[in-house]
Amino acid sequence: MIYKLSEVVVFAVMTIASVALWFTAEALPVSKRYAQVDSDLWPKLVFGALALCCAVHLAQKVASLRLASSGGPTPEKTALKSAMPEGYYLRLTMTASLIIVYFFALQYVGFLLATLVFLWAGAWLMPYRNNVAKIAFAPIFTLFLAAFFNYGLSLSLPRGTGIFYDLSQALF
Amino acid sequence: MKTLERVHLHAAVAAAAVAIVALPAIAQDYPSRTVEIIHQYGPGGGTDRFIRAISAPMQDATGESFVPISITGGGGVPAYVTFLQRPANGYTLVSISPDDVINHALGRIDLSTVKPLVRIQYDQGLLLVSKDSDLKSIDDVLAAEAATPGGLKVGVTGSAGFDDALVGLFNESAGIELGTVPFGAAEMVSNTLGGHLDMMYEEYGATRGLIESGDLIPLLLFSDERLAELPDVPTAKELGYDVTMGRWRGFGIKPDTDAADVETLVALFRDAAADEGYKKVEADSALQYRSEFIGPEEFQTFLDEEIKTYTKIMNQLGY
Amino acid sequence: MLDSFASAAGYMVGNPMSFLLIIFSVAWGIMFGAVPGLTGIVGVALLIPFTFAFDPTEGMLLLGGVYVGSTFGGSISAILFNTPGSPEAACTSLDGYPMAKRGEAGKALGYALASSAVGGIFGTLVLMFAAPPLARLALQFGPAEYFALAILGITAIASIGGGSLIKGLIAGLLGLAVALIGLDPLTGVARFTFGNLMLLTGVSFIAAIIGIFALAEVLQRFADGPQESESMPQVSTKLPSMAEFLATKATLIRSSVIGTVIGALPGVGATTAAFISYSEAFRWSKHPELFGKGSPEGIVAPESGNNAAVGGSMIPLLALGIPGSATTAVMIGGLTIHGIVPGPMLMQNNSDLVYSVFIGMLLANVLMLIFGLRAARLFALVLKAPYQLVGPAIVVLCMTGVFALNNNVSDVAIMLVFGAVGFFLKCYGLPVASFIIGLVLGPIAEVSLRQGLILADYELMTMVARPIAGTLLAFAALSLVYGLWGQLRRPPSNRQTTAEPKTT
């Protein structure tokens, strides 16, 4: 039921967003030379069609929601919802936030440190019995990758800022 | 495997300690690692090739590489923004060309945030047609335009960039209305050869193979004098249209870079521009006629002049 | 022609070094293709300085080998980790990964490899024997024809996801919408960048697909938890049998032809070739319902298409001196540095070089097949590693690869955003295939429509009433009608069934 409601909300938002973006295209600066094939020509086609499709889909969803609430037959989607494993959203949030923290860490503390910690943290997200592998894998993979990019391909990796920049620079 | 790992770590920590102590010494032996040169054109294009050619003698001299970093699209703004995000440590340069001056004139970027270093190449462009075209000379072009103004379409590369400005200026001075259609460099050539476009604007170096095979016929040269390679192609100037602008290529660096490093770089570029191997690459593209090496002060003066010129042109063209 | 061929073959035999170079360059190329973010373009560009040490022929062999290898390499990571290593492999993920997830990784890699080699050899043979006529055909393609070609591909979005028509359309239109971001290539106006200067370049395609495929998959599997992630224990390294492979021959031939022709068009390369091959394979398939669920045809089509495009994109390079793709543009740079002027005279003035490159590319494909089939079984074993360790490692590889590509943090940010987009698409049953087709073909359709209209003095009819463009558009319209009719005819209960692929 929550899933079906969220579907309605998502497609409603998309319909509104497409209409809004259609008007953003309308407001684009006009070019004198290419007036007949201006910047807004294609965006208007795309967003117009998108708004139309989202609206149609939204109507379908609302109709099926009303059918469901009136005790009608429930289609296959509810089965999908109940199959969702326990702790799904917790793990999803943790994985997503870990990746985002890693993204910022890359920029501030550089590749080596950030990657090492990220790999260690990532390995503990899911139960896995082999603790030795968990601990050993992160440094091996980090150093291998750093060596591969830096010496094998001579491409630079994020070095971080401030003291981390100097440290990284000394290492590779 | 595990002990090996530990050895690596020890070595790394030791190296880190040494390097932190030795930090102040780094400035003296500049450059001590790869120098990156950011540019806004595709890999394999004129500027990319220029950077590779000029950096070959510099690599021989220093033992460090000078590599082009191509950040294409967005009219060159993303390339410039990337340059601005780099630290002022002398290891990031940016290529400067008329496209950047136009971006400055249009307010897309601010060229006062870069210190001009050296200008090396000065190119000249051509109006070219396919060998199957009905247009056999620039007179045919003028006649066709007189009959139906705006009927002819010229392929250019980039949107609201240098090519566009040059064709616009030629239109103004010849009193015609050639329409410009932006294309990618390769599609522009294939569309001209296939007869979809009436003409195209391009430099000599990129089209030399097709000119020599007779597939593309140059009609007009935008320069002060005719090229020795193309003695029969008239210049716009001799026909009475004062359009001689060419694409030039130079480099810039962050303004607060160490002065000693800047001096080292300028000297390196000066030697490289005089190198035999580089001279040959230059001559292959008929670039030797107008190219002249100029250092930071002269380049700054030149750049200020260009900014005035292009601001005026872009205003005239209604941007 | 035979003379030049013999003399080039003589050169190759007299230079055992050149064989070593080919082996090295194919391996190098496969590596660049397989590491997410790094592409064949980077692989070729990094090798150019090294070609100074060799003569031009050896240099070109090196670059050609990298090009061949990198086009296949992307499919390894695409199949094993749902991480397209390079843009042209994005399409291979769509069916390769589901097949690997079923435990048939060896089979998926085998299909990819064999079809890559067949496509690659086909493209090279066409390049050898029909370059000038095909180059002339390519010149017939103006903006109108490019537009028609893009529309032909885009019409597949409605049906390709296997789900409902409206969801396919929404996903495809979303892809088209995302492709709008950036500087308008014609007028130079910033569109939908919301003040972000780095977005002026537009959404980096490679960053977007890595986010949509790889990140979304890692998120999904970590969220699903341990019981799901251990469901891939029986990894079979069995390769497809000859009979199984030959069962896809129609797709193989069609995709190779499509790939070669599209490759020969300047400005559109292997990625477009892969997607158009894929949507055509879907359109003509006897089992379209298996697409996206591990259909062999869904692997064979893009892989033979993108590898045939390698040979195809060398056609305008060698016949006209203009690049057919971004990678060949870098190769032109390499040639010029050696003092060779690319152009129509190249085949006459440097016939030894040209024919050596032909032989080299054929050899590269054969070598790739021989070594690859052995390596494929090894690669498939990677899937036995625990996902708890592999998942984070994939994230690290994607981030470093995408960063190293342009040294650009904003590309990495785009990748993260598209990880969320990919997750969102999955959640609401919007087909990823349609989204990506929109993303790839949108810019081509838009720019060529507008260029075409300018050239046709704003008369839409003048523009589309050209022989090639008209035929392609009529074909697109017909197939759209046919597809719609098929969708409506099928009873609604059948529409959602997940048909199990049959293993013959």
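This report describes selected features of a predicted model, from its nonpolar cores to its salt bridges.

## Nonpolar cores

The largest nonpolar core holds 227 residues. Within this core, A:F149, C:I170, C:M399 and C:F435 touch the most other members. The element that gives the most to the core is helix α6 of chain C, residues 105-139, which supplies 15 residues. Another core, made of 55 residues, lies apart from the largest one. Its members include B:L127, B:F162, B:L220 and B:I307.

The surroundings of C:F435 can be listed in detail. When neighbours within four places in sequence are left aside, C:F435 is in contact with C:A171, C:G172, C:L174, C:G175, C:V178 and C:I212, and also with C:F418, C:V421 and C:L425.

## A covered strand in chain B

Strand β1 of chain B spans residues 35-39, and 5 of its 5 residues are buried. In a regular strand, side chains alternate between the two faces of the sheet. In β1(B), the residues B:V35, B:I37 and B:H39 point one way, while B:E36 and B:I38 point the other way. The residues of both groups are buried.

Two strands of chain B pair with β1(B). Strand β2, residues 66-70, runs parallel to β1(B) and is joined to it by 5 bridges. In this pairing, B:E36 stands opposite B:V67. Strand β3, residues 92-96, also pairs with β1(B) in the parallel sense, over 3 bridges. Here B:I38 stands opposite B:V94.

## Two residues with positive phi

Most residues other than glycine have a negative phi. Two residues of this model may be set beside that general statement. B:A286 is not a glycine, yet its phi is positive, at about 55 degrees. B:A286 lies in a loop of chain B, between α10 (276-284) and α11 (296-316).

C:F194, likewise a residue other than glycine, has a positive phi near 50 degrees. Its place is the loop between β2 (190-191) and α10 (205-224) of chain C. Are these two residues buried or exposed? B:A286 has a relative accessible area of 0% and is therefore buried. C:F194 has a relative accessibility of 66%, so it counts as exposed.

## Annotated segments of chain A

An unreviewed UniProt entry places the feature "transmembrane region" at residues 7-25, 45-67 and 135-153 of chain A. In the model, residues 45-67 of chain A are 100% helix and 0% strand. The end C-alpha atoms of residues 45-67 lie 33 Å apart.

Residues 135-153 of chain A are 95% helix and 0% strand. For residues 135-153, the distance between the end C-alpha atoms is 27 Å.

## Salt bridges

Side chains of opposite charge can pair when their charged atoms come close. Over all chains, the structure holds 30 salt bridges. One of them joins the side chains of B:D48 and B:R52, with an N to O distance of 3.0 Å. Both residues belong to helix α2 of chain B, residues 46-62, where they are 4 residues apart, about one turn of the helix. B:D48 counts as buried because its relative accessibility is 2%. B:R52, at 13% relative accessibility, also counts as buried.

A salt bridge between C:K426 and C:E217 has an N to O distance of 3.0 Å. This pair links distant parts of the chain, with the two positions 209 residues apart. C:K426 lies in helix α20 of chain C, residues 409-427, whereas C:E217 lies in helix α10 of chain C. C:K426 is partly exposed, at 34% relative accessibility. C:E217 is buried, with a relative accessible area of 3%.

How far apart in the helix are C:E280 and C:R283? These residues are 3 residues apart in helix α14 of chain C, residues 270-284, and so are separated by about one helical turn. Their side chains meet in a salt bridge, at 2.8 Å from N to O. C:E280 counts as buried, at 5% relative accessibility. In chain B, salt bridges also form a network that links B:D99, B:D163, B:E203 and B:R247.

How values were computed: Residues numbered from 1 in each chain as written. Chains lettered and ligands numbered in written order. Predicted model: local features only at pLDDT ≥ 70, side-chain atom pairs only at ≥ 80, totals over all residues. Heavy atoms only, no water. Core = buried A, V, L, I, M, F, W, Y, C linked by side-chain atoms within 4.5 Å. Buried < 20%, exposed > 50% of the residue type's maximum accessible area, 1.4 Å probe, protein only. Contact = heavy atoms within 4.5 Å. Pairing = 2+ DSSP bridges. UniProt positions renumbered as here; feature names shortened; annotations may be inferred. Salt bridge = Lys/Arg side-chain N within 4 Å of Asp/Glu carboxyl O.
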